[in-house]
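Biologist: Could you take me through this model and explain the words you use for it? I like to see the reasoning behind each label.

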Amino acid sequence: MTSKSWLKGNLHTHTTNSDGDESPEHVAEWYHDHGYDWLCLSDHNHLTILEGSDAEKARWPLLVRGEEVTSRNAVHVNGYGVTELVEASDSPDVIDAMRENVDRIIAAGGMASINHPNFRWAFDDGAMMQVEGYKFMEIFNGHPDTHNSGGGGKASSIGIWDRLLSRGRQVWGLAVDDSHNYTGEFHVDRSNPGRGWVQVKSASLTQQDILEALSVGEFYASTGVTIGDMVSNTREIKIDIDVETHANGTKAKYTTVFSGSNGTTLYESTSNSPGYKPSRLDRYIRATVYSSRGGRAWTQPVFIDSSK
Ligand SMILES: [Zn+2]
Ligand SMILES: [Zn+2]
């Protein structure tokens, strides 16, 4: 019998094959030592493939192939599971570059994720609505220059996600590190590992099963909240939060917000096992779990077909 369990991974990180400050081997070891089951080494315009002996591989998480297809106009699109190097678009137009990068990733056998929309304030949902074929977008990126929260009239990454979902786009939301700095001081102003990840409900720890589970949204994104069991379908969303306990015995507290079209709050709960039953009037529902320690978890949206 195969029972599916959560497998922790980071989908966006850099090594000395692009602008990271450590070797692929060192980076892989960092993630293994910090409890990650799998990792994507997504260098800029470079397909990093680590080969090693069995003894070396035992010190690395499972490696999932990827590349950050990087155009000069700040359009960065991650390709997951690509079988060959993808050349980045050199179009100066943001929409053209996004389309070309997504299409080339798909042609190389991969799945596309639109990265960090607010990096250099490059684009928002208006541009993303004009591009087809991508499965994911980054809703949290751990790099300090990616402006996840928006402001000054610019939508947050989550706000951009909700606008896409509200207009009928089925896009899964990723939390990632986009880590570059593994040496020296770890600091909020540096791009260090360990800030954003996904937990995937995968049949097994293989690249194929991880990619398959990601493809159908069988995962949640997190910056510090752990979910135990979760039911998520059109009849019910039910979350069992793994309550964090400090060394002194104090337990963290949680608030869960179930939201729908345009990010509207449908229901808020302070239970450690919050749940919500969608109505036929809801178009999509997703949940955000807020920890008193500052971390969050985002479940993937459930889409309600009101025609049924
Ligand atoms: Zn990038
Ligand atoms: Zn990056």
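Modeller: Gladly, and please keep in mind that this is a predicted model. Let's begin with the site of the zinc ion (ligand 2), which is irregular.

Biologist: Why is the site of the zinc ion (ligand 2) called irregular?

Modeller: The angles among its four donor atoms run from 81 to 171°. Four donors count as tetrahedral if all angles lie between 85 and 135 degrees. The range of 81 to 171° goes outside those limits, so the site is not tetrahedral, and its label is irregular.

Biologist: What makes a residue a donor of the zinc ion (ligand 2), and which residues are they?

Modeller: A donor has an N, O or S atom within 2.8 Å of the metal. His12 (NE2), His14 (NE2), Glu68 (OE) and Asp178 (OD) lie 2.0 to 2.2 Å from the ion, so they count as its protein donors. Along the chain their spacing is H-x1-H-x53-E-x109-D. Distant parts of the chain are linked here: histidine 14 sits in the loop between strand S1 (5–10) and helix H1 (24–33), and aspartate 178 in the loop between strand S8 (172–176) and strand S9 (197–202), 164 residues apart. Both histidine 14 and aspartate 178 are buried.

Biologist: What are the donors of the zinc ion (ligand 1), and how do you know that they count?

Modeller: Glu68 (OE), His76 (ND1) and His116 (NE2) are the protein donors, at 2.0 to 2.1 Å. The cut-off is 2.8 Å, so these atoms count as donors. Their spacing in sequence is E-x7-H-x39-H. This site also links distant parts of the chain, with glutamate 68 in strand S4 (residues 66–70) and histidine 116 in the loop between S6 and H4, 48 residues apart.

Biologist: Which residue bridges the zinc ion (ligand 1) and the zinc ion (ligand 2)?

Modeller: Glutamate 68 does, and the two ions lie 3.4 Å apart.

Biologist: Why is glutamate 68 called buried?

Modeller: Buried means under 20% relative accessible area. Glutamate 68 has 0% relative accessibility, so it counts as buried.

Biologist: Histidine 116 and tryptophan 121 are both in the loop between S6 and H4. Are they buried or exposed, or in between?

Modeller: Histidine 116 has 3% relative accessibility, so it counts as buried. Tryptophan 121 has a relative accessible area of 35%; that value falls between the 20% and 50% limits, so it is called partly exposed. Each has a positive phi although it is not a glycine: about 20° for histidine 116 and near 50° for tryptophan 121.

Biologist: What makes you call S9 mostly covered?

Modeller: Six of its six residues are buried. Trp197, Gln199 and Lys201 point one way from S9, while Val198, Val200 and Ser202 point the other way. In a regular strand the side chains alternate between the two faces of the sheet.

Biologist: How do you know that S9 pairs with S1 and with S10?

Modeller: Two strands pair if there are at least two bridges between them. S9 and S1 share five bridges, so they count as paired, in the antiparallel sense. S9 and strand S10 (residues 219–222) have four bridges, so they too count as paired, again antiparallel. Valine 200 is the bridge partner of leucine 7, and valine 200 also stands opposite phenylalanine 219 in S10.

Biologist: Why are S11 and S15 called edge strands?

Modeller: They belong to an open sheet of three strands in the order S11-S12-S15, with antiparallel pairing. Strand S11 (226–232) and strand S15 (275–276) each pair on one side only, hence the name.

Technical notes. Residues are numbered from 1 along each chain as its sequence is written. Chains are lettered from A and ligands numbered from 1 in the order in which they are written. This is a predicted model: local features need pLDDT of at least 70, side-chain atom pairs count only at pLDDT 80 or more; totals for chains, interfaces and linings use all residues. Side-chain values use heavy atoms; hydrogens and water are left out. Helices (H or I, at least four residues) and strands (E, at least two) are DSSP runs, numbered from the N terminus. Donors are N, O and S atoms within 2.8 Å of the metal (3.2 Å for Na, K and Ca); water is not among the atoms, so sites may look incomplete. Four donors count as tetrahedral if all angles lie between 85 and 135 degrees; four count as square planar and six as octahedral if opposite donors are over 155 degrees apart and all others between 65 and 115; anything else is irregular. Buried means under 20% relative accessible area, exposed over 50%, partly exposed in between (1.4 Å probe, protein chains only).
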